[in-house]
Amino acid sequence: MARTGRRDTKPELELRQVLHARGLRFRVDRAVLDRRRRADIVFGPSRVAVFVDGCFWHGCPEHATWPKKNAAYWREKIDTNRKRDRDTDEQLTNAGWAVLRVWEHEDVKVAADRVEAVVASRRPR
């Protein structure tokens, strides 16, 4: 688990590739609130922050697995991640950002459609 990287995961790379092919330009792994709270993909002028969440680390309601060893530790860890995600979403929304969360299991083209629609609707005129 310690080897799991913070950025450039396979789902992130796939989503970024599709978005870039559609002509969208963005920043990668950017701090949006503080050093710990970093969005995976940021569209600055449109103020759109995209987070690609792993099913294990963020407790996906469909695919989350709960380890049997050290179960209390992992339950608390994942619950803390979920609370931080909700707090991040709330703070960004209050600051005028659109927040999109994409699960790692989502179809990349469907997720890219969602991101593209939100970015297009928020483009500065």
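This report walks through a predicted model of one protein chain, from its overall build to a few individual residues.

## Overall build

Let's start with the fold as a whole. The protein chain contains three helices and four strands, and reading from the N terminus their order is α-β-β-β-α-β-α. With a radius of gyration of 15 Å, close to the 14 Å that the globule rule gives for 125 residues, the chain is as compact as a globular protein of that length. Along the principal axes, its C-alpha atoms fill a box of roughly 50 × 30 × 25 Å.

Contacts across the sequence are worth a look too. Taking the contacts between residues at least 6 apart in sequence, 57% join residues at least 24 apart.

## Surface and charge

Of the 125 residues, 35% count as buried. The accessible surface of the chain is about 8000 Å², and carbon and sulfur atoms account for 48% of that area.

The chain carries 28 positive and 19 negative charges. The mean positions of these two sets lie 4 Å apart.

## The nonpolar cores

Now to the inside. The largest nonpolar core is made of 17 residues, and those with the most contacts inside it are Leu 15, Leu 19, Ile 41, Phe 43, Val 48, Val 50 and Val 115. At least two core residues come from each of helix H1 (10-21), strand S2 (38-43), strand S3 (48-53), strand S4 (98-103) and helix H3 (108-122). H3 gives the largest share, with four residues.

Leu 19 is a handy place to see this core in the model. Setting aside neighbours within four places in sequence, Leu 19 is in contact with Leu 24, Phe 26, Ile 41, Phe 43, Ala 112 and Val 115. There is also a second, separate core of seven residues, with Val 32, Ala 39, Val 42 and Phe 51 among them.

## Two buried residues on helices H3 and H1

Ala 111 sits in helix H3. Its relative accessibility is 1%, so Ala 111 counts as buried. Beyond its neighbours within four places in sequence, Ala 111 is in contact with Leu 15, Val 102 and Glu 106. Ala 111 and Val 18 are 93 residues apart along the chain, yet their C-alpha atoms are separated by 9.6 Å.

On helix H1 you will find Arg 16. This arginine has a relative accessible area of 13%, and therefore falls in the buried class, which takes in values under 20%. Not counting residues up to four places away in sequence, Arg 16 touches Asp 8, Phe 26, Val 28 and Ile 41. Between the C-alpha atoms of Arg 16 and Ala 117, which are 101 residues apart along the chain, the separation is 15 Å.

## Strand S1: Asp 29 and Arg 30

Strand S1 spans residues 27-31 and includes Asp 29. Most residues other than glycine have a negative phi. Asp 29 departs from that sign, with a positive phi near 55 degrees. Asp 29 counts as buried, at 8% relative accessibility.

Arg 30 is also in strand S1. Its relative accessibility of 40% makes Arg 30 partly exposed. Once neighbours within four places in sequence are left aside, Arg 30 is in contact with Arg 37, Arg 38, Ala 39 and Val 42. Ala 39 and Val 42 both appear in the second core. Measuring from C-alpha to C-alpha in the model, Arg 30 and Ala 49 are 9.1 Å apart in space and 19 residues apart in sequence.

## The loop between S2 and S3

Two residues stand out for a visit here. Ser 46 lies in the loop between S2 and S3 and counts as buried, with 8% relative accessibility. Apart from neighbours within four places in sequence, Ser 46 is in contact with Val 119, Arg 122, Arg 123 and Pro 124. Val 119 and Arg 122 fall within the residue range of helix H3 (108-122).

Arg 47 is placed in this loop between S2 and S3 as well. Although Arg 47 is not a glycine, its phi is positive, at about 55 degrees. With a relative accessible area of 33%, Arg 47 is partly exposed.

Definitions and conventions. Residues numbered from 1 in each chain as written. Predicted model: local features only at pLDDT ≥ 70, side-chain atom pairs only at ≥ 80, totals over all residues. Heavy atoms only, no water. Core = buried A, V, L, I, M, F, W, Y, C linked by side-chain atoms within 4.5 Å. Buried < 20%, exposed > 50% of the residue type's maximum accessible area, 1.4 Å probe, protein only. Contact = heavy atoms within 4.5 Å. Rg over C-alpha atoms; globule rule 2.2 N^0.38 Å. Areas by Shrake-Rupley, 256 points an atom, 1.4 Å probe, with all protein chains shown as cover. Lys, Arg positive; Asp, Glu negative; His and termini not counted. Charge placed at Lys NZ, Arg CZ, Asp CG, Glu CD.
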